[in-house]
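Student: I would like to learn how to read a protein surface that faces DNA. Please show me the entry and take me through it.

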Protein chains: 2
Amino acid sequence: MASMPAEKPETRPYHHGDLRSALLAAAERTLRDKGTAASLSLRELARDIGVSHAAPGRHFKDKQALLNALALVGYDRMAEVLEAADDPGLPLQDRLTTLARAYLGFAIDNAELLELMYARKHEPDAAEQIGVAIDRTVGALERAIAAAQQRGEIVDGDPEHLTLVVGTALHGLASFAITGKFTTEAAMGAVPELVHHLLYGLKPR
Amino acid sequence: MASMPAEKPETRPYHHGDLRSALLAAAERTLRDKGTAASLSLRELARDIGVSHAAPGRHFKDKQALLNALALVGYDRMAEVLEAADDPGLPLQDRLTTLARAYLGFAIDNAELLELMYARKHEPDAAEQIGVAIDRTVGALERAIAAAQQRGEIVDGDPEHLTLVVGTALHGLASFAITGKFTTEAAMGAVPELVHHLLYGLKPR
DNA sequence: ACCTGAACACCGTTCAAGT
DNA sequence: ACCTGAACACCGTTCAAGT
């Protein structure tokens, strides 16, 4: 028995419960409401939960530490969404399109969280944790591509490099969608064509 | 004479000069030093420049307004860099690689600014200004692709859609580089292969 | 171990008043 | 028109003290 996934009971009295996850949950809710991490105050969080304003300091050394933890939550949830959406039985193009839609949908529904997730952090330990979280996220994509490659449906080459092509494009599209460059529908609608172009290239065949 | 581009003298006494651009310049410097917009204080900016802490309020209604203006500066500068880097005489693949390198280089050198540029803003007027700025940025890419298309070197289809393929991939790669998923060298090194895959596709020919 | 209360050194924003 | 000074209502963070 290596390590069990952390349990997250849906309801819980925080009067004496575990403040850490209460803070994370409240922070996510507030972030979604206010729309920006700048207008997120530890003191307000503490007030909402009903603890003293100094209490958060026991669980997060910093406001940034809370934000980092929240970003990690986001990565975990995104990985779950992608893993759930992946269907190895599908033909390559459909499989990629499905994954792309799942990623884009998550990104649009969690725009505020995404902003945290994609923020630069220099603190080495947080960066490392986020690194493995990203790898897990990209994992589903990489498996789809490696499988297709073994079937000869994809060009030879390092699967990691090939995954990068699709990964960067999806990431960029999500970013454009979030920034408001596209509507949700336009972004979602662009997915099939994007996947097609990635597979068949911009040069005439 | 429609509208002249704003003049920006390099040196200037701010005691009585134009505070607005002094604030923007100081903000960019501080942003670069501190690394994050959260640790950027209007009061500190005012102190550095030598005006009262209420003075910035005359020029930016909000801290967010300053940040928005700074993002716009970033877009303008990025568009300049891309337009300067574009060489219409180059063969398609080289031309795209050059543009990609220029974009990536700018992104890495101006990571803090990029974070501002790619932040979601709901304020309608700022969003609109940023929209046109993005279009200008993507313009160089779009011209390269449209030209190649007319030469028959690129697949038929809406040039805007085709540009999106390259644009999203570059944007995503820059984002990965900034987040620290790649070193600068790794990201730059990945460019030629990425462009190649975009042109020739992931499916075997 | 976990939380509180008070304290410190800051903030952003507003607004009358000055030049 | 542009800036100042004072004031208001907040912050994040620390630290002794409580339970």
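Student: Of the atoms of DNA strand D within 4 Å of the protein, what percentage belong to sugar or phosphate?

Tutor: Keep in mind that this is a predicted model. To read such a surface, split the DNA atoms into backbone and base. Here 50% of those atoms of strand D are sugar or phosphate, and the rest belong to bases.

Student: Which residues are closest to DNA strand D?

Tutor: Start from the list of neighbours. DNA strand D is surrounded by 18 residues, the closest being Arg43(A), Arg47(A), Asp62(A), Ser52(B) and His59(B). By class, the surface near the strand holds 7 nonpolar, 5 polar and 6 charged residues.

Student: What lies 2.5 Å from a phosphate oxygen of DNA strand D?

Tutor: Look at which atom of the residue is involved, backbone or side chain. At 2.5 Å from a phosphate oxygen of strand D is a backbone N or O atom of Ser52(B). Leu42(A) also places a backbone N or O atom 2.9 Å from a phosphate oxygen of this strand. For a base, take Arg58(B): a polar side-chain atom of this residue is 3.3 Å from a base nitrogen of strand D.

Student: Which elements give two or more residues to the surface near DNA strand D?

Tutor: Map the residues onto the secondary structure. Those elements are helix H2 (42-49) of chain A and helix H3 (56-59) of chain B. H2(A) gives the most, with 3 residues.

Student: Which residues of chain A does the UniProt annotation "DNA-binding region" cover?

Tutor: Set the record beside the model. The unreviewed UniProt entry places that annotation on residues 41-60 of chain A. In the model, this stretch is 60% helix and 0% strand, with its end C-alpha atoms 13 Å apart.

Conventions:
Residues numbered from 1 in each chain as written. Chains lettered and ligands numbered in written order. Predicted model: local features only at pLDDT ≥ 70, side-chain atom pairs only at ≥ 80, totals over all residues. Heavy atoms only, no water. Near = heavy atom within 4 Å. Polar contact = N/O pair within 3.5 Å; in protein donor to acceptor, adjacent residues only side chain to side chain. Helix = DSSP H or I, 4+ residues; strand = E, 2+ residues; numbered from the N terminus. Nonpolar A, V, L, I, M, F, W, Y, C, P; charged D, E, K, R; others polar. UniProt positions renumbered as here; feature names shortened; annotations may be inferred.
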